[in-house]
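Please open the model in the viewer and keep the selection tool at hand. The tour below proceeds from one selection to the next.

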Amino acid sequence: MMWVIASTVVAAFMAVTMIFVRLKAAKKPVTVKKIILPPIFMSSGALMFLFPEFRLSGSEIAEAIIVGVFFSVFLIRSSRFEIRDEAIYLIPSKAFVFILVGLLVVRLVAKSIIGRTITLGETSGMFFLLAFAMIISWRLAMLYQYKKLTVELQRRLASRT
């Protein structure tokens with residue numbers, strides 16, 4: 001029971017941290033590096049699958065990825081960019097905080113339900129994979145939007161000269 005509470009507290013802390021990071025990031029121009037580094041850093045968590053207690057069945061992997069991609073739709077829809085001062089900025093969405101908190105609540109409820117039928121290690125593995133699929137989908141969509149705006153920005157800058 002202690003591990004379930006500890007993992008819940010860590011998840012809530014990460015969500016709150018992400019809200020503050022996102023609000024602070026809106027004040028600086030976006031770069032490709034800022035878009036792709038979070039999933040790269042997060043990928044180190046996949047090392048958990050080296051240990052047998054975290055390994056998942058094929059259906060558990062598929063479920064986690066499908067739910068993660070589904071959850072990413074909400075984040076994708078709340079992430080918009082704009083060209084300002086000859087740079088590209090992320091527009092802060094008022095809905096982002098509510099979406100993130102809502103996703104956290106859904107994940108915590110699902111975790112408590114799923115945790116009754118599979119081990120803590122498998123639950124941890126599934127929710128890592130869910131979060132990883134969510135962030136990869138979201139960041140790929142952000143990268144696509146950013147690249148489109150980069151072309152527009154280049155066009156604008158070229159028309160000035």
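Strands, as the term is used here, are DSSP runs of E with at least two residues, numbered from the N terminus. The model is a predicted one.

**First stop: the loop between the strands**

Select E86, which sits in the loop joining strand 1 and strand 2. E86 is not a glycine, yet its phi is positive, at about 60 degrees. Most residues other than glycine have a negative phi. Now add D85, found in the loop between strand 1 (80-84) and strand 2 (87-91). The phi of D85 is near 55 degrees, again a positive value in a residue other than glycine. Is D85 buried or exposed? With a relative accessibility of 67%, D85 counts as exposed, because the cut-off for that class is over 50%.

**Second stop: the loop before strand 1**

Move to S78, in the loop between helix 3 and strand 1. S78 has 6% relative accessibility and therefore counts as buried. Which residues does S78 touch, once those up to four places away in sequence are set aside? They are R22, S93, F96 and I99.

**Third stop: helix 3 against helix 4**

Display helix 3 (residues 58-77) together with helix 4 (residues 94-114); their axes come within 9 Å and cross at roughly 165 degrees. The two helices are therefore roughly antiparallel to each other. The crossing in which helix 3 passes helix 4 is right-handed. To see the contact, select F71, F74 and L75 on helix 3, then F96, I99, L100, L103, V106 and R107 on helix 4. Sorted by class, this contact of helix 3 with helix 4 comprises eight nonpolar residues, one charged residue and no polar ones.

**Fourth stop: helix 3 against helix 5**

Keep helix 3 and bring in helix 5; the axes of this pair are 7 Å apart and the packing angle is about 40 degrees. That angle makes helix 3 oblique to helix 5. Here too the viewer should show a particular hand: the crossing of helix 3 and helix 5 is right-handed. On helix 3, the residues to select for the contact include E60, A64, G68, F71, S72 and L75. Their counterparts on helix 5 include E122, M126, L130, S137, W138 and Q145. By class, the contact of helix 3 with helix 5 holds 15 nonpolar, four polar and three charged residues.

**Fifth stop: aromatic pairs**

How many aromatic pairs does a search of the whole structure find? The search finds five. Select F70 and F74: the ring centres are 5.5 Å apart and the planes stand at 90 degrees, so this pair is edge-to-face. F70 and F74 are four residues apart in helix 3, which means that about one helical turn separates them. F74 is partly exposed, its relative accessible area being 36%.

Next, select F128 and F132. Their ring centres are 5.8 Å apart and their planes lie at 10 degrees, so the pair is stacked. F128 and F132 are likewise separated by about one helical turn, because they are four residues apart in helix 5 (residues 120-160). F128 has a relative accessible area of 12% and is therefore buried. To finish, add F49 to the selection: F49, F128 and F132 form one aromatic cluster.

Definitions and conventions:
Residues are numbered from 1 along each chain as its sequence is written. This is a predicted model: local features need pLDDT of at least 70, side-chain atom pairs count only at pLDDT 80 or more; totals for chains, interfaces and linings use all residues. Side-chain values use heavy atoms; hydrogens and water are left out. Axes are lines fitted to C-alpha atoms, for helices over the stretch in contact, and angles run from 0 to 180 degrees between N-to-C directions. Angles under 35 degrees count as roughly parallel, over 145 as roughly antiparallel, 65 to 115 as roughly perpendicular and the rest as oblique. A crossing is left-handed if the near helix is turned anticlockwise from the far one by less than a right angle, and right-handed if clockwise. Contact means heavy atoms within 4.5 Å. Ala, Val, Leu, Ile, Met, Phe, Trp, Tyr, Cys and Pro count as nonpolar, Asp, Glu, Lys and Arg as charged, and the others, Gly among them, as polar. Rings of Phe, Tyr and Trp (its six-membered ring) pair if their centres lie within 6.5 Å; planes under 30 degrees apart count as stacked, over 60 as edge-to-face and the rest as tilted. Buried means under 20% relative accessible area, exposed over 50%, partly exposed in between (1.4 Å probe, protein chains only).
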